[in-house]
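Student: Could you take one part of this model and walk me through it closely? I'd like the surroundings too, as one connected story.

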Amino acid sequence: MTMIAIASAFIWIATICELIKPSKEQNNRKIITLTSFGTLSTLIVTVSLLQSFSLFQ
């Protein structure tokens, strides 16, 4: 799970770096792809953390 959390952080950093670029240099397809994978990885980490709480078991 640690690897997914680290990968998620790097994905979001890459997304932010792409969004910081001037609008003429931004790659919309790359932004959409990074955002999609970032959202998916964040969701996986969140679900894993919620399952580890004893309240939900």
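Tutor: Before we start, one term: contact here means heavy atoms within 4.5 Å. Keep in mind as well that this is a predicted model. Let's take helix α1, which runs over residues 2–20, and begin with threonine 15, one of its residues. If you leave aside its neighbours within four places in sequence, threonine 15 is in contact with Leu34 and Thr35. How accessible is threonine 15? Its relative accessibility is 2%, so threonine 15 counts as buried, the cut-off for that being under 20%.

Threonine 15 has company. The buried residues of α1 are Ser8, Ile11, Thr15 and Glu18. They cover an arc of only 90° around the axis, so they sit on the same side of α1. Turn to the other side of α1 and you find Thr2, Phe10 and Ile20 exposed. Alanine 9 also belongs to α1, but at 39% relative accessibility it counts as partly exposed, because that value falls between the cut-offs of 20% and 50%.

How about the length of α1? With 19 residues at 1.5 Å a residue, α1 should span 27 Å, and its end C-alpha atoms are indeed 27 Å apart, so the two agree. For a look at a stretch inside the helix, take alanine 9 and leucine 19: these are 10 residues apart along the chain, and 15 Å separates their C-alpha atoms.

Now, what lies over that buried side? The cover on the buried residues of α1 includes α2, and it works the other way round too, since the cover on the buried residues of α2 includes α1. Helix α2 takes in residues 28–52. It has 25 residues and reaches 36 Å from first C-alpha to last, close to the 36 Å expected at 1.5 Å a residue. Its buried residues include Ile31, Leu34, Gly38, Ser41 and Val45. You've met Leu34 already, as one of the contacts of threonine 15.

Back on α1, glutamate 18 deserves a closer look. At 3% relative accessibility it counts as buried, yet its side chain meets that of lysine 30 in a salt bridge, at 3.5 Å from N to O. That pair links distant parts of the chain, with lysine 30 in helix α2 and glutamate 18 in helix α1, 12 residues apart. Lysine 30 has a relative accessible area of 40%, so it is partly exposed. Glutamate 18 has a further partner in lysine 21, with the closest N and O atoms 3.1 Å apart. Lysine 21 is likewise partly exposed, at 33% relative accessibility. In general, side chains of opposite charge can pair when their charged atoms come close. The count of salt bridges comes to two. What do they add up to? Through shared partners, salt bridges join Glu18, Lys21 and Lys30 into one network.

One last stop, on the surface. Met1, Ile4, Phe37, Leu40 and Ile44 form a nonpolar patch there, with about 450 Å² of accessible area together. Helix α2 gives the most to this patch, with three residues, and Phe37 is found in that helix.

So, to gather the threads on α1: Ser8, Ile11, Thr15 and Glu18 are its buried residues, α2 is part of what covers them, and Glu18 pairs with Lys30 across to helix α2.

Terms used:
Residues are numbered from 1 along each chain as its sequence is written. This is a predicted model: local features need pLDDT of at least 70, side-chain atom pairs count only at pLDDT 80 or more; totals for chains, interfaces and linings use all residues. Side-chain values use heavy atoms; hydrogens and water are left out. Patches are made of residues with over 30% relative accessible area and no salt bridge: like charges are joined within 9 Å, nonpolar side chains (Val, Leu, Ile, Met, Phe, Trp, Tyr) within 5 Å. Accessible areas come from the Shrake-Rupley method with a 1.4 Å probe; for residues, only the protein chains shown count as cover. A salt bridge is a side-chain nitrogen of Lys or Arg within 4 Å of a carboxyl oxygen of Asp or Glu. Helices (H or I, at least four residues) and strands (E, at least two) are DSSP runs, numbered from the N terminus. Buried means under 20% relative accessible area, exposed over 50%, partly exposed in between (1.4 Å probe, protein chains only). The expected span of a helix is 1.5 Å times one less than its number of residues. The arc is that of the directions from the helix axis to the C-beta atoms.
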